Amino acid sequence: MRAGPSQEEIRRQNLGALLRYVHVHGATSRAELTSALGLNRSTIGALTAELAAARLVSERAPRETGRAGRPSLVVRPESARVFAYAYSIESDRLRAARVGLGGVVLDRRQAARPPGAPPLECLPLLAGLRKEMHQSVAEDAIHVGSGVAVSGRPRRPDAAGRQSPGPVPDRPDRDAVDDGGGSGSEAALEVALGEVLSPDRPILVSNAADASVVAEHVRGAAVGCDTVIYLHQDGGIEAGIIVHGQRLTGRGGHAGEVGHMVVQPGGRPCRCGSSGCWETEISEHALLHAAGRGGSAGRDATLRVIDAASWGDAGAQAAVCQVGDWLGFGVANLVNIFNPDAIIFGGTLREVYLAAAARVRSRLNVMALPAAREQVRLRTPQLGEDAVLIGAAELAFGPLLADPLDR
């Protein structure tokens, strides 16, 4: 029989639980920590003292409470000192942020992604953004690692999907990303990311939708949700899915490719090789095609169609209605399958949903089972465009939160 955890293992688990709580909830009194974590006052005092000695948290007396007696000390994450770098490789731009413990965005940068440039060719630009941000970092700051979120990255077949209880992954997958080739190019990019962006610290790579759903589950529109689906469009359609508080990765790491759910057999050819995929009906290309507009798809082109619809352009309005109807069609299927608490529309799907919310809800009411649709909430990201960056940072903070003293 396996022996129970040692006192040292229990202490480290409790340190991680306390740091995680403060990281997620912000400044918290010792009294609240005692109640929330189920530990006694002396244990909480010892744990906070140890984390403070490691410069991960600080303790201060609260402002005047008006109550009699000695006030409980307040524990705060050292957001300005303890940080992670977060990067987002998107279809038309590159973004970088320095995110402090507690999810505070301390600094951010952005650059255009050269048209057609694979991720490997974007690394010098990302490194330049990192260099700009690093110039303002204090000498005593603690850099815990980096997270990279990539739009349109296929999930790698050997993804392990290691997850621990709670909304923030303890040991995120070291997935690779795709630069247009096969598994070898994915591995090469993962190595290059580490060498260029974080040579002396861990670097964790994720799909943009997976990163975003983590962020919204921890800090945004899905806080308190048991099951949530984050639909993300940036070129393709992807989903980050959390079921019973756990991120769903699938056996081989391919879960979440909802854009390739077939909704119209014999429909338009899809880039995946099939036909009639959901992506062919709700993508940026589909919106432009329905509006009778040529040119390249993308964020700006999508916004122009939606803006034209708001000003009464009949062709644009018809296109928004058509895409909104198909968006609701797929959402209804997802609601029937997963029975989620919430579905969040991110990337350019946010704008499509806001413009066609009535069509989406109408299709949902017709197709989804009443027991499932009556409770689901349709939302846009509370964290806005920061969701993907904050989610990438959460991946980087995962190992620290799992074992604060293992640095």
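Student: How far apart in helix H10 are Trp326 and Phe329, in helical turns?
Tutor: This is a predicted model, where local features need pLDDT of at least 70, side-chain atom pairs count only at pLDDT 80 or more, and totals for chains, interfaces and linings use all residues. Residues are numbered from 1 along each chain as its sequence is written, and side-chain values use heavy atoms, with hydrogens and water left out. Helices here are DSSP runs (H or I, at least four residues), numbered from the N terminus. Trp326 and Phe329 are 3 residues apart in H10, so the separation is about one helical turn.

Student: Is the aromatic pair of Trp326 and Phe329 stacked or tilted?
Tutor: Rings of Phe, Tyr and Trp (its six-membered ring) pair if their centres lie within 6.5 Å; planes under 30 degrees apart are stacked, over 60 edge-to-face, the rest tilted. For Trp326 and Phe329 the centres are 5.1 Å apart and the planes make 50°, which comes out as tilted.

Student: And what about Phe345 and Tyr353, stacked or tilted?
Tutor: Phe345 is buried (under 20% relative accessible area, 1.4 Å probe, protein chains only), at 0%. Tyr353 is buried too, at 11%. Their ring centres lie 4.3 Å apart with 5° between the planes, so the pair is stacked.

Student: Which helix gives the largest share of the largest nonpolar core?
Tutor: Such a core is a set of buried Ala, Val, Leu, Ile, Met, Phe, Trp, Tyr and Cys residues joined through side-chain atoms within 4.5 Å. This one has 41 residues, with Trp278 and Phe345 among those touching the most other members. The largest share, 11 residues, comes from H10.

Definitions and conventions. Buried < 20%, exposed > 50% of the residue type's maximum accessible area, 1.4 Å probe, protein only. Helix = DSSP H or I, 4+ residues; strand = E, 2+ residues; numbered from the N terminus.
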